[in-house]
Amino acid sequence: MKILLAGGAGYIGSHTALSLLNNGHEVVVVDNYDNSSPESIKRVEQLTGKSVALYEADVKDKVRVLKIMQKEQPDCIIHFAGLKAVGESVQQPIRYYRNNIDTTLTLLECMEQTGCKE
């Protein structure tokens, strides 16, 4: 199965990528590196000996995400592109709402347009 990890270069996403690759899946990562690094994916590739399709993109960018999904044709999406710091979310609730809701809506719309159901 080909699985797209939105926000996949972060801590949880990169560990998920490692597990998926070790279990025979293909992995596509889309991340803007706002709270992550492409180095984490390089390390996953070193540990598994397998390559990851890696795209630097903001998951709120529907045009870009749609192009990636049309090219990669993932079977499944796992969404890690959310902001999660509790203190910061209280101080900046609008930023958190916009990011977390917009990324989710973008992914759902792109999934609908590309026929990705999982």
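This is a short tour of the structure, one selection at a time.

Before you start, note that this is a predicted model, in which local features need pLDDT of at least 70, side-chain atom pairs count only at pLDDT 80 or more, and totals for chains, interfaces and linings use all residues. Residues are numbered from 1 along each chain as its sequence is written, and side-chain values use heavy atoms, with hydrogens and water left out.

**Stop 1: helix α5**

Select residues 93-114, which make up helix α5. Helices (H or I, at least four residues) and strands (E, at least two) are DSSP runs, numbered from the N terminus. The expected span of a helix is 1.5 Å times one less than its number of residues. For the 22 residues of α5 that gives 32 Å, and the end C-alpha atoms are 31 Å apart, which agrees.

Now colour the buried residues of α5: Y96, N99, T103, T106, L107, C110 and M111. They cover an arc of only 130° around the axis, which puts them on the same side of α5. The arc is taken from the directions that run from the helix axis to the C-beta atoms. As for the cut-offs, buried means under 20% relative accessible area, exposed over 50%, and partly exposed in between (1.4 Å probe, protein chains only). An α-helix has 3.6 residues a turn, so residues three or four places apart point the same way.

Turn to the other side of α5 and you find I94, Y97, R98 and E112 exposed. To see what covers the buried residues, show β1 (2-6), α3 (62-72), β4 (76-79) and α4 (86-91), which are included in that cover. Just after α5, G115 has a positive phi of about 80°.

**Stop 2: helix α3**

Next, select α3. Its buried residues are V65, L66, I68, M69 and E72. Their arc around the axis is only 160°, which puts them on the same side of α3. The face turned away from that buried side carries the exposed residues V63, K67 and K71.

Which elements do the buried residues of α3 pack against? Show β1, β2, β3 (53-56), β4 and α5 to see them. Step just past α3 to reach Q73, where phi is positive, at about 50°.

**Stop 3: the nonpolar cores**

A nonpolar core is a set of buried Ala, Val, Leu, Ile, Met, Phe, Trp, Tyr and Cys residues joined through side-chain atoms within 4.5 Å. The largest one has 17 residues, and L4, V30, I68, M69 and I77 touch the most other members. At least two residues of this core come from each of β1, β2 (26-31), α3 and α5. Helix α3 gives the largest share, four residues.

Centre the view on I77. Contact means heavy atoms within 4.5 Å. Leaving aside neighbours within four places in sequence, I77 is in contact with L4, M69, L107, M111, C116 and E118. Apart from the largest core lies another, of 13 residues, among them Y33, I41, V52 and C76.

**Stop 4: the cysteines**

How many disulfides are there? With a disulfide taken as a pair of cysteine sulfur atoms within 2.5 Å, the count is zero. Select C76 and C116: the sulfur of C76 is 6.5 Å from that of C116, the closest cysteine sulfur, which is too far for a bond. C76 is buried, with a relative accessible area of 13%. Then pick C110, whose sulfur has its closest cysteine sulfur in C116 too, 10 Å away and too far for a bond. C110 is buried as well, at 0% relative accessibility.

**Stop 5: the salt bridges**

A salt bridge is a side-chain nitrogen of Lys or Arg within 4 Å of a carboxyl oxygen of Asp or Glu, and the structure holds six.

- E72 and K2 meet at 3.1 Å, N to O. This pair links distant parts of the chain, E72 in helix α3 and K2 in strand β1, 70 residues apart. E72 is buried, at 11% relative accessible area, and so is K2, at 15%.
- R95 pairs with D34, the closest N and O atoms being 3.5 Å apart. R95 lies in helix α5 and D34 in the loop between β2 and α2 (38-48), so the pair ties together parts that are 61 residues apart in sequence. R95 is partly exposed, at 34%.
- K60 and D58 meet at 3.2 Å, N to O. K60 is partly exposed at 33%, and D58 is partly exposed at 27%.

For a last selection, show D34, E88 and R95, which salt bridges with shared partners join into one network.
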